[in-house]
Amino acid sequence: MGYIISTVNMKGGVGKTTLTVNLAACLAKAYNKKVLVLDLDSQISATLSLLPPHEFGKLRKNRKTISHLIDLAVQSNFHNKLSTTDLIISPLANISQLHLLPGDIELYDEYIISERLHQQAIETNKAGDFERVWNNFERTLLQDILKPVVANYDFIILDCAPGYNILTRSALAASDFYILPARPEFLSLVGIQLLERRVKKLRESHQDDNSLRLQLLGIVFILSQTGLFGRYAKYYEQVKRRIKQDFPPEKIFLTEIPMDVNVAKATDASIPVTIITPDSSASKAFYRLAEEFLQKLESVADRKSG
Ligand SMILES: Nc1ncnc2c1ncn2[C@@H]1O[C@H](COP(=O)(O)OP(=O)(O)O)[C@@H](O)[C@H]1O
Ligand SMILES: [Mg+2]
């Protein structure tokens, strides 16, 4: 059974998508793992990092994106039902083990979802049960989308949108682990704390459901241009020290990702930087991160079995 992992941070522009796409590429390329990326952000950055825009355009025209599966979950009266397997694209960047479930610029309509769930609550004759119906929807939406394919992959990585929308909550509820990319800056620190509080609440609202497995795998620091040696260095160390007070050492990745212009260039080509320029500084860091990622999972598994 594959591990399901969400990449999350309340903040946008911190490197979630870059991390998702490159971790996936490194695991597939260097470790021969079978990896599926899911794009859950309507900015479709993960999709366009792996697939040229004109190919995405064709998929979208034929409604062959994840929003088809979300629509199906909300309103099942469709003629042309496609399954998760039908929508997965592979190979990507010439790597046969790297797969994508493409995202969409219109993922879901919150109003329609609320209306349907409200209707369901009324139909079960307990209008007061709206919260239970909603929690159940959140709990099962992505889990059900992934169910038909989860056994086919070593890893499924869910690239979440910034903020904390219903898809992010559903992604977290379906995940074994989440990874939190963050810049070592004060506002990021606040973002980490806010997210942790929300994850705690999510756990509480699904308390009666002991299949919720979610754990923080680790925080990954994404450094600014000046890296460790620039003027930021002292400040970064201060912030990191504070984060280390809040989290045990195993929850912080040792590998940090430097800023590297090759990352931006790679997105132009719709190929992960770790594939197109594997010797660049960011790519080398991502390969190290993939190794550390696998080690962390192993030690979690050891802890469980021991
Ligand atoms: N290590 C890096 N070096 C250079 N640019 C980066 C790096 N990581 C991310 N970026 C750039 O920063 C922007 C935001 O990154 P992205 O991964 O899309 O963040 P998020 O998914 O959190 O919104 C993108 O333009 C991306 O190309
Ligand atoms: Mg993103």
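Guide: Angles between helix axes over 145 degrees count as roughly antiparallel, and 65 to 115 degrees as roughly perpendicular; those under 35 degrees count as roughly parallel, and the rest as oblique. The model discussed here is predicted.

Visitor: At what angle do the axes of α6 and α7 cross?

Guide: Helix α6 (residues 110-123) and helix α7 (residues 130-146) cross at roughly 125 degrees, and their axes come within 9 Å. The two helices are therefore oblique to each other. The crossing of α6 past α7 is right-handed.

Visitor: Which residues make the contact?

Guide: On α6 they are L117, H118, Q120 and A121, and on α7 they are F130, V133, W134 and F137. By class, this contact has six nonpolar residues, two polar and no charged.

Visitor: How are α1 and α13 oriented to each other?

Guide: The axes of α1 and helix α13 (residues 281-305) are 9 Å apart and the packing angle is about 80 degrees. Since the range for roughly perpendicular is 65 to 115 degrees, α1 and α13 are therefore roughly perpendicular to each other. The contact joins N22, L23, C26, L27, A30 and Y31 of α1 to F286, Y287, L289, A290, F293 and L294 of α13. These residues divide into 11 nonpolar, one polar and no charged.

Visitor: Which helices each supply at least two residues of the shell around ligand 1?

Guide: α1 (16-31) and α11 (261-269) each do so. Of the 16 residues around ligand 1, those that come nearest are K16, T17, T18, M259 and V263. By class, the shell has seven nonpolar, seven polar and two charged residues.

Key. Residues numbered from 1 in each chain as written. Chains lettered and ligands numbered in written order. Predicted model: local features only at pLDDT ≥ 70, side-chain atom pairs only at ≥ 80, totals over all residues. Near = placed C-beta within 6 Å. Helix = DSSP H or I, 4+ residues; strand = E, 2+ residues; numbered from the N terminus. Nonpolar A, V, L, I, M, F, W, Y, C, P; charged D, E, K, R; others polar. Axes fitted to C-alpha atoms, helices over the stretch in contact; angles between N-to-C directions. Left-handed = near helix turned anticlockwise from the far one by under 90°. Contact = placed C-beta atoms within 7 Å.
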